[in-house]
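Trainee: I want to learn how structural labels are earned. Can we take some terms one by one and test them?

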Amino acid sequence: MTLEQNWNRIRETVSRAGHCAIASIDEHGAPTVAPIGTVFLRDDTTGFYFDQYAQALGRNLDRDPQLCLMAVDGRPLYWFRSLLTARFPSPPGVRLYGTAGPARPATEDEMRQVRARVRIPVRLKGGALLWSDFSQVRDLTFTDYRPVRYPHMMSHLWQ
């Protein structure tokens, strides 16, 4: 199935993951990975992330916009239940391949989405330090995907 045909399932998988990892290539040609907790996917195989703290990722993407985003469901109960039943109830993760656009000011709608995601943690001292001053995003355009596969426990998924 194509990226477009699986997009709703991909969006669900990414939303369950919470934090994602975005891989890029540094100036020496070496792969590098940055954890990003503010990835949002749209309805049309695109998305965006808040480009606040990952300066090296931003420099890498400015030079070469190609990226791989990986999202894995990290909820302990999800893994416990899956290991107990020897079956994943939903896809455990996905890799998305694509490109990132240049940093730009966040729209009001994008700001509303991030405020909704961090509304409780931002009330804590550390949360306020991390999530109170978002202002710019990078658009993401995806062209391909690969599910995270554990063959013995997910033959019923990603058909």
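Mentor: Start with a pair of residues. F50 stands opposite V137 in β7. Keep in mind that this is a predicted model.

Trainee: How many bridges join β4 to strand β7, and which way do the strands run?

Mentor: There are 5 bridges, and β4 and β7 run antiparallel. Two strands count as paired with at least two bridges between them. So 5 bridges pass that test, and β4 and β7 are paired.

Trainee: What joins strand β3 to β4?

Mentor: Here 3 bridges do the job, and these strands also run antiparallel. One bridge partner of F40 to know is F48, in β4. With 4 residues between them, β3 and β4 form a hairpin.

Trainee: Why is β4 called largely enclosed?

Mentor: Count its residues. Strand β4 covers residues 46-50, and 5 of the 5 are buried, so the rest of the structure largely encloses β4.

Trainee: Which residues of β4 point one way, and which the other way?

Mentor: T46, F48 and F50 point one way, while G47 and Y49 point the other way. Both groups are buried. The general rule is that side chains in a regular strand alternate between the two faces of the sheet.

Trainee: Where does T45 lie, and what makes T45 buried?

Mentor: T45 lies in the loop between β3 and β4. Buried means under 20% relative accessible area. T45 has 10%, so T45 counts as buried.

Trainee: Which residues are in contact with T45, leaving aside neighbours within four places in sequence?

Mentor: L3, E4, W7, T141 and F142. The backbone of T45 deserves a look too: its phi is near 60°, a positive value in a residue other than glycine.

Trainee: What is the phi of A86, and where is A86 found?

Mentor: A86 has a positive phi of about 60°, although it is not a glycine. A86 is found in the loop between α3 and β6.

Trainee: Why is A86 called partly exposed?

Mentor: Partly exposed covers the range between under 20% and over 50%. A86 has a relative accessible area of 47%, so A86 belongs in that range.

Trainee: How do you know whether F142 is buried or exposed?

Mentor: F142 lies in strand β7. Its relative accessibility is 3%, so F142 counts as buried. Leaving aside neighbours within four places in sequence, F142 is in contact with several residues, including L3, W7, T45 and L96.

Trainee: What makes D73 and R16 a salt bridge?

Mentor: The closest N and O atoms of D73 and R16 are 3.0 Å apart. The cut-off is within 4 Å, so the pair qualifies. D73 lies in the loop between β5 and α3, and R16 in helix α1, so the pair ties together parts that are 57 residues apart in sequence. D73 is buried, with a relative accessible area of 0%.

Trainee: Which residue forms a salt bridge with R138?

Mentor: D51, with the closest N and O atoms 3.0 Å apart. The pair links distant parts of the chain, 87 residues apart: R138 is in strand β7 and D51 in the loop between β4 and α2. Both R138 and D51 are buried.

Trainee: How far apart are the closest N and O atoms of E108 and R115?

Mentor: They are 2.6 Å apart, and the two residues form a salt bridge. R115 counts as partly exposed, at 40% relative accessibility.

Trainee: How many salt bridges does a search of the whole structure find?

Mentor: The search finds 11.

Notes: Residues are numbered from 1 along each chain as its sequence is written. This is a predicted model: local features need pLDDT of at least 70, side-chain atom pairs count only at pLDDT 80 or more; totals for chains, interfaces and linings use all residues. Side-chain values use heavy atoms; hydrogens and water are left out. Buried means under 20% relative accessible area, exposed over 50%, partly exposed in between (1.4 Å probe, protein chains only). Helices (H or I, at least four residues) and strands (E, at least two) are DSSP runs, numbered from the N terminus. Contact means heavy atoms within 4.5 Å. A salt bridge is a side-chain nitrogen of Lys or Arg within 4 Å of a carboxyl oxygen of Asp or Glu.
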